[in-house]
Every structure is written in C-alpha cells, then in structure tokens.
Amino acid sequence: MKTYKITKSDIDETGLFIGDINTDKQIDGHLVIEAGLGSVRFYNSLRVRGAIRVDAGSGIAASGDIIAGFGIKAGWSIIAGGDITAGWGIAAGRDITAGGGIIAGWGITAGSGITAGRGIKAGLSIAASTVSAGMRIFAGTTADRLPAPEDMQIRALVESGEVCFGEVVAPAPEGGRR
C-alpha cells in the first residue's frame, strides 16, 4: 500500500491542508503527517484506506469525519466535527474529540481527554484522564475473541455518558497510560 506524506509545504500559514493529495475521496494507502506542524486542518472529511500517523508535535483536525481502515495515531490531538473511526486503535498524545461518535476496533488512548458528542466504542480498553460522551460508552467489545478483564477496562474519570459495557477501574494517571 502506498504511503502519502504531508509536509510543511502542504499546509498554509493557518495549518489548512493545501497539498496535492486528493482528500475529496478516500486515500488509497497510508497517510503520514510530519512532526512539528501543529494542528493540520482538513476542510472536509478525511478518509484513508490504511493508517493515519501524525508525528510528534503535530495533530489532525477535520470539519467532517476522520476514518482510517487501520489505526490513527497522533502526537497531538485528533479532532473531528463528525465521527472518528479506526479499524484498529486510536491514540493521541493529547485529546481525542469528535462531534459525533468515536469507534475503534482495538483500544482508545489519549494523554488527556476523550470527548464524543455521541457514543464511544472500543474493541479493547479506553484510557485517558477523562472521558465524556453524549450517549453510551463501551469498552472490550471485540468480536474476534472473548476479551480478558483488562481489555474491558475504562481507565479514566467518566464525566458524562452511560457506561454500558466495560468496567471503570480508576482514572488513568497523567499521560493517559497505566
């Protein structure tokens, strides 16, 4: 699968993506955003068939959905006006924020908070300082095997939302990891 790279020359002075990669349709490959760019913004949704990797000192923001067939990993924040969906896991050094829902086939980890306007669903555990959802929160709902108890943990202070599957074990320490 081809890897597409976004560098400083692909964004304007406000952080808006202006490069040659056609983001109006699904990107058929992986997407890598180089380190130190701050928050790279996309005007609409961002859909990637492979993985999205945003290196240290960079984050990603889209006015619509952010969707990856594999995983999404960002050194900074991941922010979407719509849904954030990944076939594998979702990890951010700071916040993960979606106007819609957040769905990951594996776990969801944030160094700070996880916030969704609708629900949050992780195939494995959820770890952050805080978790807020407008609707339900599910952890450990993987379909490929019976999850172990540690795969059903929500290691965060749940500020809002109904925990429907998974166990709140304790807030995660600073940095979102135990």
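**Group meeting: strands, core and rings**

Let's start with one contact between strands. Ile120 stands opposite Ile137 in strand S17. Keep S17 in mind, as we will return to that strand. One caution before going on: this is a predicted model.

Now the overall picture. The protein has 19 strands and zero helices. Its C-alpha atoms fill a box of roughly 45 × 30 × 25 Å along the principal axes. The radius of gyration is 15 Å, and a compact globule of 178 residues would have one near 16 Å, so the two agree. Of the 178 residues, 46% count as buried. What about contacts along the chain? Take those with a separation of 6 or more: residues 24 or more positions apart account for 21% of them.

Back to S17, residues 126-139. Which strands pair with it? Go through them in order. Strand S14, residues 108-110, pairs with S17 in the parallel sense over two bridges. There, Ile108 has Ile126 as its bridge partner. Next comes strand S15, residues 113-116, again parallel to S17, over four bridges. In that pairing, Ile114 is matched with Val131. Then strand S16, residues 120-122, runs parallel to S17 and is joined to it by three bridges. That is where our opening pair belongs, with Ile120 opposite Ile137. Finally, eight bridges join S17 to strand S18, residues 153-165, and these two also run parallel. One partner pair there is Ala127 with Arg155 in S18.

Let's look at one residue inside S17. Ser132 is located in that strand. Is Ser132 buried or exposed? Its relative accessibility is 11%, so Ser132 counts as buried. What does Ser132 touch, leaving aside neighbours within four places in sequence? The contacts are Ile114, Thr115, Ala116, Ile120, Glu159 and Ser160. Recall that Ile114 is the bridge partner of Val131, and that Ile120 stands opposite Ile137.

On to the core. The largest nonpolar core has 44 residues. Which members touch the most others? They are Ile78, Ile96, Ile102 and Ile114. By element, S17 gives this core its largest share, six residues. Take Ile102 as an example. Not counting residues up to four places away, Ile102 touches several isoleucines: Ile84, Ile90, Ile96, Ile108, Ile114 and Ile120. Thr115, Ala116, Gly119 and Lys121 are also among the contacts of Ile102.

Last topic: the aromatic rings. Searching the whole structure turns up three aromatic pairs. One of them is Phe70 with Trp88, and that pair is stacked. The centres are 4.5 Å apart, with 10° between the planes. Where do the two rings sit? Phe70 is in the loop between strand S7 (66-68) and strand S8 (72-74). Trp88 is in the loop between strand S10 (84-86) and strand S11 (90-92). The two residues are 18 apart, and the pair links distant parts of the chain. How accessible are they? Phe70 has 24% relative accessibility, so Phe70 counts as partly exposed. Trp88 is partly exposed too, at 37%. Ring pairs also bring in Trp106, which forms a cluster with Phe70 and Trp88.

One more ring to point out. Arg94 lies over the face of Trp76, 5.2 Å from the ring centre.

To wrap up, three places to find on the screen. Find S17 and its eight bridges to S18. Find Ile102 in the core. Then find the stacked rings of Phe70 and Trp88.

Technical notes:
Residues are numbered from 1 along each chain as its sequence is written. This is a predicted model: local features need pLDDT of at least 70, side-chain atom pairs count only at pLDDT 80 or more; totals for chains, interfaces and linings use all residues. Side-chain values use heavy atoms; hydrogens and water are left out. Rings of Phe, Tyr and Trp (its six-membered ring) pair if their centres lie within 6.5 Å; planes under 30 degrees apart count as stacked, over 60 as edge-to-face and the rest as tilted. Buried means under 20% relative accessible area, exposed over 50%, partly exposed in between (1.4 Å probe, protein chains only). A charge sits over a ring if NZ of Lys or CZ of Arg is within 6 Å of the ring centre and within 35 degrees of the ring normal. Two strands pair if DSSP finds at least two bridges between them. A nonpolar core is a set of buried Ala, Val, Leu, Ile, Met, Phe, Trp, Tyr and Cys residues joined through side-chain atoms within 4.5 Å. Contact means heavy atoms within 4.5 Å. The radius of gyration is taken over C-alpha atoms; the globule rule is 2.2 Å times the number of residues to the power 0.38.
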